[in-house]
Amino acid sequence: MSHEHGHDHSHNANKKALLISFILIAAFMLVEVIGGFLTNSLALLSDAGHMLSDAVSLAVGLLAFKFGEKNADLNKTYGYKRFEILAALFNGIVLILISLYIIYEAYQRFLNPPDVASTGMLVVAIIGLIVNIAVAWILMQGESEENLNLRAAFLHVIGDLLGSVGAIIAALLILFFNWGIADPIASVVVAVLVLVSGWRVTRDACHVLMEGTPENVDIDAIINCVQSISGISKIHDLHVWSITSGQNALSCHAVVNENLTIRDGQEILRDVEHQLQHQGIGHVTIQLEDGSHPHKDSLTCEDSDQGHHEHDH
C-alpha cells in the first residue's frame, strides 16, 4: 500500500510540474518568436522552435499522465501506462527533427550572414535564460530520473537553457565585436546538444517498447536472488521488462522440489515477491514446476521450435 501511495504522490507531483512548466514555456515561446523576427536572430528563432517542441512535449506529457491514470480493462490489461513511453518517443523524434532543421538554417546563414539587432536579441535571451532556469528547477522537483516522460521534458528544457546561453554569448559577440557569424554558430552548438538529447530519449523509449531489461535492474542479481531462495533449484524462461517508467515486471518458470506442498509453494512465492521488491521489481509472475516438467535449459525463452512448426505447413 505504501508503495502505491508513494507512486500516486510522485505521479501527481510530476503532473503538476509539467502543467506549471507548460504555462511558462508556452508564454515565453510567443515572446521569443516575436523577438526573433524583430531582431532577425536565428539563435532566438531556433530556441523558440525548440521551445515550441517543449510546449508540445509538455502538453503530450500531460496527456500521457492523464491517459496513464485510466484503469486497466480487458482490452488493455496493463492499462494505458505505456502511453507515457509513446509520448517520450514522440518527444525524442521531434527533438531530432528540430535540431536537423536548425543545422540546415544555420548553414544558409553561414553562406549569407544577415544583420542582427544584438541588443534586442540579448534582452530576449536573458529573459529566456531566467524562464528556462525556473522551469528546469520545477521539473527537477519531480522524479525525472525515474520517469522517462518527465526526463524527456526535462532534457527539452535543458536544451532550451543552453540555447538561451548560446544566444546571450552570440548577442554579446555581435554587440561588441560585430561578429554576425556568432548567431549561426550558437544555433549549431545548441542543435548538436538537442540532437544528442533527442537520440538518448528516443533510444531509451524504444528500449522500453522492445521489452528490454530496465537499466536500473541488475539481471545477474535477480537470477541469484531467486535461485538462492530455499526450495528453488533453478529458473528458466526469464523475462524482465518495464510496463512504464519506474514500474518493472518479471515472469519466469522456477523448478522446485517435487515433494513440496501447496502451502510450501505459497511460501516460496511470497519469499520471491518480497525479495524482488528490493530489486526494483513490483509485478511478479512465477510458474512453479518440478523436475519432471518438460523445459528448456535456456534461461531466456527460445521460440526456434515454434518457428519450425509455423514453416512446416
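Strand E1 (residues 232–244) and strand E2 (residues 247–256) run antiparallel and are joined by nine bridges; strands here are DSSP runs of E with at least two residues, helices are runs of H or I with at least four, and both are numbered from the N terminus. Two strands count as paired if DSSP finds at least two bridges between them. The model is a predicted one, in which local features need pLDDT of at least 70 and side-chain atom pairs count only at pLDDT 80 or more, while totals for chains, interfaces and linings use all residues. Residues are numbered from 1 along each chain as its sequence is written, and side-chain values use heavy atoms, with hydrogens and water left out.

Histidine 239 has serine 251 in E2 as its bridge partner. E1 and E2 form a hairpin with two residues between them, and glycine 246 in the turn has a positive phi of about 80°. Of the 13 residues of E1, 10 are buried (buried is under 20% relative accessible area, exposed over 50%, partly exposed in between, with a 1.4 Å probe and protein chains only).

E2 also pairs with strand E3 (residues 283–289), in the parallel sense and over seven bridges. Here alanine 249 is matched with histidine 283 in E3. Between E2 and E3 the chain passes through helix H8 (residues 262–277), and this β-α-β crossover is right-handed: with the strands pointing away from the viewer, the path from the first strand over the helix to the second runs clockwise.

Turning to the interior, the largest nonpolar core has 35 residues. A nonpolar core is a set of buried Ala, Val, Leu, Ile, Met, Phe, Trp, Tyr and Cys residues joined through side-chain atoms within 4.5 Å. Helices H1 (2–39), H2 (42–68), H4 (118–141), H5 (148–177) and H6 (182–209) each supply at least two residues of the largest core. A second, separate core of 20 residues includes Ile222, Ile223, Ile232 and Ile281.

Met121 is among the residues with the most contacts inside the largest core. Methionine 121 belongs to helix H4 and counts as buried because its relative accessible area is 0%. Its C-alpha atom is separated by 7.6 Å from that of isoleucine 168, 47 residues apart along the chain.

Where is tryptophan 179? Tryptophan 179 lies in the loop between H5 and H6, and it counts as partly exposed because its relative accessibility is 48%.
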